[in-house]
Amino acid sequence: MAEVGFKKWIITITVITASLLELIDTTIVNVSLPTIQGNLGATLEDVAWITTGYAVANVIILPMSGWLGSFFGRKNYFLASIIIFTIASFLCGNAHTLTELVLFRIVQGMAGGGLISTSQAILLETWPREQVGTATALFGLGAVVGPTVGPTIGGYITDHASWPWIFYVNIPVGALAAFFTYTFVRATPKTGRDQPIDWWGIALLAIAVGSLQTILEKGESEDWFATPYITILTITAVVGVLLFIWRELSTPFPIVNFGIMRHRSFSIGMFTSFILGFGLYGSVFVFPVFCQSLLGFSAQQTGELLFPGGLFTIAMMPFIGKMLNKGIPAQFMATLGMFLFFVFTHMLANSTLATGREDFFWPLAIRGIGMALLFVPLTTLAISDLKGAEIGQGAGLNNMMRQLGGSFGIAALTTIIHIRQGVHRNNLLTNINEYNTFFTQRLQGYINKFMALGHGVTEATKMGYAAMEGTIIKQSLLLTYDDAYWLTGLVMLFSIPLLYLQPFRKNMKAAADVH
């Protein structure tokens, strides 16, 4: 039964706030890792487990969140997740060793996995069925904007305070969200209490999804299958996934109800959510690295560049919800969104080393509009046929696929950058010879410059060659990032046909028959 008036809006603000906590924390830590590394005396490889542990725990819980909400009651589970997330945030900020911090981040990730999908399910049940487009748009504010503004917030806090405060800021927000949840969110029955617990399913899910997420997070830094534990985890993930699917299809009380895959809109929506995650998280990953490693921007400056795009997303969300409610096909809007995302990557693929901050405004604005046009219609299409208890299960699986898509995207782009950098470097080196006029002129210009600064001929020549090496490295990196942008854009563009495999809806009331 939908809520009305003040109660509807206070619940909406509460669940969006709670989901924002989880989503911002997926990226807020990234820009602070070098500072944390120095403070805790850890290596870069070790400190990376701060993000890996959170992501692995998060993805394990996401598909289970629907069952957990049924077992404990959706309100109870949501409230417990907020409280545990808030306590874990305090413990993360108060950690004195890397081991403590990674452990508390895992706890935080487990609680966060219960926030995002449960908040979406609560929101869908709070709003009338004919307004599901508006409800999805409001939820999309957090899902799209959270990962985008995370680096901005993290960079500002790290530069102006200290890294523990990226966790401490969660405490007052979490406390308010917990209070409003306890006061206003309606309790739901504990329908899973009279059913046996699928312990084998829980174990296989943790092993399969945990192994897969760890591979995606650590594969590139560990040189993939050259590292024994990555090979072992790959075998474990494949075997674990197969056993988990078999288990869930054969048990009468599964942790994850694969029966909802009978809905064509949802099964195809799983793939489109995966693609959305690839583009959303992949682009947020490549752009900051490009700006900081090649253009010399600080973490805060890079975050500030991303912020206006988030504002465009926020501004577009209400209009998209209204267009869905009026019956405009979600497929048409998602097609435009994928095309705009391709335009964004095309514009960034033409960047140069002279590109300035003002040159990024319109590409990132187009990305922000495209993401708004993607998230709401894709989510609406995926959940359009789900009813009752299926909503929580579907929200969990759908969000898991988006997270996995992001992990796949980052892993794929990292590997592409590693490979293509070597290819471009070798291509550029073919032009480094005494018969190339452009090379000899550039080298002589460097030598003359260093000699004018008072260096001898021999020393100036060495410095000239070193300067040329630096130019080659920068140019090869620039071409590599251009390749990464192109890959991301093409993945989105070639995914458009998937949209038209999903059934069209005449109006949002039919599409949103979720009760």
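Helices here are DSSP runs of H or I with at least four residues, numbered from the N terminus. Keep that in mind as you work through these exercises on a predicted model.

**Exercise 1. Which helix holds Leu336, and is Leu336 buried, partly exposed or exposed?**

Step 1: Find the helix. Leu336 sits in helix α15, which covers residues 330-348.
Step 2: Recall the cut-offs: buried is under 20% relative accessible area, and exposed is over 50%.
Step 3: Apply them. Leu336 has 41% relative accessibility, so this residue is partly exposed.
Step 4: Look across the chain. Ile496 is 160 residues from Leu336 along the sequence, yet their C-alpha atoms are separated by 9.3 Å.

**Exercise 2. Find which residues form a nonpolar surface patch with Val239.**

Step 1: Place Val239. Helix α12, residues 228-250, contains Val239.
Step 2: Check its exposure. With a relative accessible area of 43%, Val239 is partly exposed.
Step 3: Name the partners. Ile235, Leu243 and Trp246 join Val239 in the patch, and together the four have about 420 Å² of accessible area.

**Exercise 3. How many disulfides does the structure have?**

Step 1: Recall the bond. A disulfide covalently links the sulfur atoms of two cysteines.
Step 2: Search the whole structure: the count is zero.
Step 3: Look at two cysteines. Cys92 is buried at 0% relative accessible area, and Cys291 is buried, also with a value of 0%.

**Exercise 4. Where does pLDDT stay under 50?**

Step 1: Start with the chain. Its mean pLDDT is 82, and 93% of residues reach 70 or more.
Step 2: Locate the stretch. Residues 507-515 stay under 50, and the model gives them 30 contacts beyond four places in sequence.
Step 3: Interpret with care. Predicted coordinates should not be read in detail where pLDDT is low.

Note on methods:
Residues numbered from 1 in each chain as written. Predicted model: local features only at pLDDT ≥ 70, side-chain atom pairs only at ≥ 80, totals over all residues. Heavy atoms only, no water. Patch = residues over 30% accessible without salt bridge, like charges linked within 9 Å, V, L, I, M, F, W, Y side chains within 5 Å. Areas by Shrake-Rupley, 256 points an atom, 1.4 Å probe, with all protein chains shown as cover. Salt bridge = Lys/Arg side-chain N within 4 Å of Asp/Glu carboxyl O. Helix = DSSP H or I, 4+ residues; strand = E, 2+ residues; numbered from the N terminus. Buried < 20%, exposed > 50% of the residue type's maximum accessible area, 1.4 Å probe, protein only. pLDDT = per-residue confidence, 0-100. Contact = heavy atoms within 4.5 Å. Disulfide = S-S within 2.5 Å.
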